[in-house]
Structure formats: structure tokens, C-alpha cells
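Trainee: Could you take me through one residue in this structure with some care, and set it against the chain as a whole before you get to it?

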Amino acid sequence: GQDMRYIDEKVAASSNYLNKIWNSARYVLSVLPEGYKETKLDKSKLSIIDKWIINRMNLTISNVTKNMEKYDFNAASSHLYNFVYDDYCGQYLELCKVILNGNDENKKATTYQVLLTVLKNIILLIYPYTPFIAEELYLSLPTHLESVMLETYPKALDELTDESVNKEMDFLFNLIKEVRNYKIVNHLAPN
């Protein structure tokens, strides 16, 4: 029935994906202040990019959970893959570097917590697929149980959802894409 052929390219792509998660975790843990303590997220303190990534995380948790319950592991994995590559690593990690390099300590504190919250949920979502990597990453988090196996499966943070920011962020991402394309077409330096 569900036998899969061995394809070198799929193995390489999976390795790159897990390496992306590993490196994003290393980055997040490296920017957290020494002795960082987790706090509850306050919706009123979230920036537009924080709200956007939480919206995307909530959608991903919902889609992954729904597909796992239907035993459609490939679809569940695809939703998670797209979230990790495109939303978290491709957009959010890059955008939050501006805040982390700034001087506003309150914004930094909120960004740290959002980074950690999303990372923890990614780790919990990959656990069924890659238990050993998930365990290693989970135990490196500032606050953790004895094992990732004891952690509850992620649930969407519906109280933090703010759909109103999605159009604004789509506009921003399209603008960034257009500027990059303009630079390529006109042979301008990327920076």
C-alpha cells in the first residue's frame, strides 16, 4: 500500500529541512539573554510581525492536527514544512532581527518570547516525525520537562489571533519581493 521509493533528493531535502530547524533553534537560543525566563504573551504588546507569525503558527497547528487525526501524515508534514521554511525562517526570523538589534528592551522581551513560543511549538510538531532531534532541541529550551514525551501537544493560541494584520503583512512581503526583483532586473547590488 503505502511503500515509498527511496529517492536521494528527498533524503537530501529532509536533511536540509531538519538542519534548518536545528540552526533556527541555535539562533533563537543564542539571542536569548542569559538566564531567560519564559513569560505569558500579552496581545497588547505584540508587534504586527509577532501577530502575523502567531496567526501563521495557529493555522499550522490547526492544519497539522487536522491531518494527523485523519492519518494524512504527508499533508501534515507539508503544512509544517511550509511554515518552517517560508514563514518562520524565511520571514519572521529575518524581520525580528531589526527589533533585536534595536534599543527598545520591551519590544525585545516580547520578541524573545514569541521566538521561543513558536520554536517550542515547531519542536512539538516535528516530534512524531523526528523524535530524537525533537528531544535534543526540546531539552535545550530554557524551560522544559524531563522529556518532550511528557509535553502536551500544541494547541492554537486563539486568544492571540489577530487576522487584521494578514493583509498588511502580505502587502509588505509583496513589496519586498518587488524591490528584490527590481534590483535583479536592473543589476543592482542586493544590499
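Mentor: The radius of gyration used here is taken over C-alpha atoms, and the globule rule it is set against is 2.2 Å times the number of residues to the power 0.38. This is a predicted model, and with 191 residues a compact globule would have a radius of gyration near 16 Å, which agrees with the 18 Å of the protein chain. Along the principal axes, the C-alpha atoms of the protein chain fill a box of roughly 50 × 45 × 30 Å. The protein chain holds 6 helices and 0 strands, so that reading along the sequence gives the pattern α-α-α-α-α-α. Among contacts between residues at least 6 apart in sequence, 72% join residues at least 24 apart.

Turning to the surface, buried residues make up 36% of the 191 residues, while the protein chain exposes about 12100 Å², of which carbon and sulfur atoms supply 54%. There are 21 positive and 25 negative side chains in the protein chain, and the centres of these two sets lie 4 Å apart.

Against that background, the residue I would look at closely is Arg180, which is found in helix α6, spanning residues 165-185. Arg180 counts as exposed because its relative accessibility is 56%, and the cut-off for exposed is over 50%. Arg180 can also be placed relative to Asn191, for the two are 11 residues apart in sequence and 9.6 Å apart in space, taken C-alpha to C-alpha.

Note on methods. Residues are numbered from 1 along each chain as its sequence is written. This is a predicted model: local features need pLDDT of at least 70, side-chain atom pairs count only at pLDDT 80 or more; totals for chains, interfaces and linings use all residues. Side-chain values use heavy atoms; hydrogens and water are left out. Helices (H or I, at least four residues) and strands (E, at least two) are DSSP runs, numbered from the N terminus. Buried means under 20% relative accessible area, exposed over 50%, partly exposed in between (1.4 Å probe, protein chains only). Contact means heavy atoms within 4.5 Å. Accessible areas come from the Shrake-Rupley method with a 1.4 Å probe; for residues, only the protein chains shown count as cover. Lys and Arg count as positive and Asp and Glu as negative; His and the chain ends are not counted. The place of a charge is taken as NZ of Lys, CZ of Arg, CG of Asp or CD of Glu.
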